[in-house]
Amino acid sequence: MSSAGGLSRRRVPASASTGDDDVDGITGPSPSNGGSVSRSDSLTSPSYHAGSAFEGGSKIAFDPRDLERDDEDARLGGKPPRLTIMEEVLLLGLKDKQGYLSFWNDNISYALRGCILIELALRRRIALVRDPNRRQLPLPERVVEVIDDRQTGETILDETLRMMKGQEQERMSVNSWIDLLSGETWNVMKIGFQLKQVRERLAKGLVDKGVLRTEKRNFLLFDMATHPVADVRTKESIVTRVVALLTTTTAAVPPAALDKEGTQCRAARAVCLVCAAYAASVLDNAFGRLTYEDREAAFQRCDDILAEFSTWPFGSSGAGTGAARGSSGPGRRREAGARIGMGSAGVSSREIVLGLLQEVKKEMHGEEDLSFELVAGVLEVLSKLDSLL
């Protein structure tokens, strides 16, 4: 039908589902209902969108690395923690309000380099070389290799991983890597392996994560950047985990001693944290609320844990080794008094360490887990730190 203005109205076959008229491709209301569309009709009618992802979509954008990350988390048994072991050890050593470490602490720099190797091993990036003859060598002298060179997202870990990958033709031992990363070498050809300003870089990383803040303090002759604690709850959670692990009176590992559920290698990380803090001489900062006898008992417990986990296989140091070293100290007397007061419910320190040992073994990939064997080698080096420096 033609109109006076010369325009024509084209009628097309109605849709099978709605029976509406289509004017120039635009769906209009059906004339049978008086030109109005009810609410129920509008809800049941099909919707048309600009994109195809909503209507039987053909393509949806995604990042393949997200799928790889999910597969990696499933393979490693959980997601990486928010803070690395190095950052947690540094937090324990920092003064909350002043924002700097003790000037008399000579152990923490070397211990932090050992923590880098531990963190890479727990993330399944490095391991010991699978060689049957390695058992003839002491743990610290066994050779390290890179098994996964993908980046971790942590600057210091990725830098160390690149250096190790570049030395695949000349692989080095656990002890050698810790020495080289610390700059403890007389070989001028290998001085480039030293990691510079590790403490400052870790502190800046914690600033980026919102745990610390940056200030400038004047120390008479010079100004120095300090990093006071901004997120007190994060440090308190670390202190709570350390104290819970070293003061528990049950063979079962208390949940308060472990990181949040879903974190990879929770029990192994708890062990490495207390042992690294002990070697770095910052563990006593977590015992501010404990009595003298409780502090001594906690130090003795940590000594026992370090003795059991600095050997391979774990727990092969021999029963009673740690107890014989301090059987008459106040920590041992405190522990014996606690067991007497609790009656049959009390357990010895050896039984508590064995309970922790069982939890760590559940996180291992078989009895010959070369990454955990590397962790044992690092802990053996840290256990002799006072005699090395």
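Helices (H or I, at least four residues) and strands (E, at least two) are DSSP runs, numbered from the N terminus. The expected span of a helix is 1.5 Å times one less than its number of residues.

The exercises below concern a predicted model, in which local features need pLDDT of at least 70 and side-chain atom pairs count only at pLDDT 80 or more, while totals for chains, interfaces and linings use all residues. Residues are numbered from 1 along each chain as its sequence is written, and side-chain values use heavy atoms, with hydrogens and water left out.

**Exercise 1. Helix α4**

Compare the expected span of helix α4 with the distance between its end C-alpha atoms.

*Solution.*
- Step 1. The protein has 15 helices and 6 strands; α4 covers residues 108-122, which is 15 residues.
- Step 2. At 1.5 Å a residue, a span of 21 Å is expected, and the end C-alpha atoms lie 20 Å apart, so the two values agree.
- Step 3. Of the 15 residues in α4, 14 are buried (buried means under 20% relative accessible area, exposed over 50%, partly exposed in between, with a 1.4 Å probe and protein chains only).
- Step 4. Just after the helix, Arg124 takes a positive phi of about 60°.

**Exercise 2. Helix α3 and its surroundings**

Determine how many residues of helix α3 are buried, and which helices they pack against.

*Solution.*
- Step 1. Helix α3 runs over residues 85-93, and 9 of its 9 residues are buried, so the rest of the structure largely encloses it.
- Step 2. Among these buried residues are Ile85, Glu87, Glu88 and Gly93.
- Step 3. Their packing partners are α4, α5 (155-166), α7 (198-208), α8 (232-247) and α9 (266-279).
- Step 4. For the protein as a whole, buried residues make up 45% of the 389 residues.
- Step 5. Residues 24 or more positions apart supply 67% of the contacts with a separation of 6 or more, where contact means heavy atoms within 4.5 Å.

**Exercise 3. Cysteines**

Explain why Cys115 is not bonded to Cys272.

*Solution.*
- Step 1. A disulfide is a pair of cysteine sulfur atoms within 2.5 Å.
- Step 2. The structure holds 0 disulfides.
- Step 3. The closest cysteine sulfur to that of Cys115 belongs to Cys272 and is 8.1 Å away, which is too far for a bond.
- Step 4. Cys272 is likewise in no disulfide, and its nearest cysteine sulfur, that of Cys275, is 6.8 Å away.
- Step 5. Cys115 is buried at 0% relative accessibility, and Cys272 is buried at 2%.

**Exercise 4. Aromatic pairs**

Classify the pair formed by Trp177 and Phe193, then the pair formed by Phe314 and Phe372.

*Solution.*
- Step 1. Rings of Phe, Tyr and Trp (its six-membered ring) pair if their centres lie within 6.5 Å; planes under 30 degrees apart count as stacked, over 60 as edge-to-face and the rest as tilted.
- Step 2. This rule gives 6 aromatic pairs.
- Step 3. The ring centres of Trp177 and Phe193 are 5.6 Å apart with planes at 85°, so this pair is edge-to-face.
- Step 4. Trp177 belongs to helix α6 (residues 174-182) and Phe193 to the loop between α6 and α7, 16 residues apart.
- Step 5. Trp177 is buried at 2% relative accessible area, and Phe193 is buried at 11%.
- Step 6. Phe314 and Phe372 are also edge-to-face, at 6.5 Å centre to centre and 70° between the planes.
- Step 7. Phe314 lies in the loop between α10 (292-309) and α11 (321-325), whereas Phe372 lies in helix α14 (residues 370-383), 58 residues away.
- Step 8. Phe309, Trp312, Phe314 and Phe372 form one aromatic cluster.

**Exercise 5. Backbone and confidence**

Identify the peptide bond type from Trp312 to Pro313, and state which element has the lowest mean pLDDT.

*Solution.*
- Step 1. Most residues other than glycine have a negative phi, and most peptide bonds are trans.
- Step 2. The bond from Trp312 to Pro313 is cis, with omega near -5°, and Pro313 is in the loop between α10 and α11.
- Step 3. Gln197 has a positive phi of about 50° and is exposed at 60% relative accessible area.
- Step 4. Cys265 has a positive phi of about 55° and is buried at 6%.
- Step 5. pLDDT is the predictor's confidence in each residue, from 0 to 100; the protein averages 80.
- Step 6. Among the elements, α11 has the lowest mean pLDDT (41) and strand β3 (residues 126-128) the highest (97).
- Step 7. pLDDT stays under 50 over residues 15-37 and over residues 338-345.
- Step 8. Where pLDDT is low, the predicted coordinates should not be read in detail.
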